[in-house]
Amino acid sequence: MLSELAEMGFESVELGHGIRYSLWPGILKAHEEKLIRIQSLHNFCPLPMGFTRAAPNCYEFSHPKSIQRTHALKYTLQTIDHAAMFGARAVVLHLGTTEQKQVSNQIEALYTQGKLGSRAYVKLKVQAVIDHERWLKIQWPWVEEVLHQLIAHASAKNIKLGLECRESIEEIPIDSAWPQIFAALPQTAGYWHDFGHAARKHTLGFIDHYQHLSSLAPRLIGCHIHDLVHPHRDHQVPGTGSIPFEQLWPLIEKCASLTQDPCYVLELSPRVAKDKVLQSLLWWKQNGPASLQH
């Protein structure tokens, strides 16, 4: 896997949340041979025993059952240790899900029916926001308790924690809460911007992509880069969808508070063919932030 990526011209990779233990010996061998640089890991990596497919939410910091939160803490600590072993810069985290009623699919269905802004849409959206805020008050203390333990461990290992924006309204946090969350957390924890997730929420009227990234860019640790084909086909080849990357790059470039360039990761669907992956790499070299030395 890593040999093929190196041959395709990639100099660094993120180890994702679908890495099974059976792949681990080969990854360790590639690291020892300095085949390719591992710059980030996506929690949980490798997958906890018993899981054989990508499962970033198999254990959640927000779960009502403490045993589930204990498992989430345990395997995240392991991911941080692995990141340190590889000399990686960051670990990407999902923060959890609220116990509210699932409505994201209904809202996307209204969009595809041309009913964005309709009474049905507004009613559903407003209630979803109210429910999220209500549940967040209950569940956030559980998330915060785990986060502070992770931050202490990551800080000691010189690893940054990237808290990723999510695509569903049910997932923590609601985007308006990001500023107050980061105000209460040390610099070890920062923001991980997923362009496709943000674009989906922009399309559905939950955020303004430009304003959202502008407000959080000073805490930026990394980005998942992929494009969106409306309304919900994300993880597509950059430049083939609706995301205005050329308008968004300057928000990152102008952040003088960044001590180093963020991690940039092409996060493509497993269904994207090899020639399209190569197309994505070429697009990145030609259209990535102007401040980078490609």
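Start with the whole chain: of the 294 residues of the protein, 52% count as buried (under 20% relative accessible area, with over 50% called exposed and partly exposed in between; 1.4 Å probe, protein chains only). This is a predicted model, in which local features need pLDDT of at least 70, side-chain atom pairs count only at pLDDT 80 or more, and totals for chains, interfaces and linings use all residues. Residues are numbered from 1 along each chain as its sequence is written, and side-chain values use heavy atoms, with hydrogens and water left out.

Switch to a cartoon view: there are 10 helices and 9 strands (DSSP runs, H or I of at least four residues for helices and E of at least two for strands, numbered from the N terminus). The C-alpha atoms fill a box of roughly 60 × 45 × 40 Å along the principal axes.

Next, select phenylalanine 51 and tyrosine 59. They form an edge-to-face aromatic pair, 5.8 Å centre to centre with 85° between the planes (rings of Phe, Tyr and Trp, its six-membered ring, pair if their centres lie within 6.5 Å; planes under 30 degrees apart are stacked, over 60 edge-to-face, the rest tilted). Phenylalanine 51 is partly exposed at 30% relative accessible area, whereas tyrosine 59 is buried at 15%.

Keep tyrosine 59 and add tyrosine 75: this pair is stacked, 5.7 Å centre to centre with 10° between the planes. Tyrosine 59 sits in the loop between β2 (37-42) and α3 (66-86), and tyrosine 75 in helix α3, 16 residues apart. Tyrosine 75 is buried too.

Finally, select Phe195, Phe245, Trp249, Tyr264, Trp283 and Trp284, which form one aromatic cluster.
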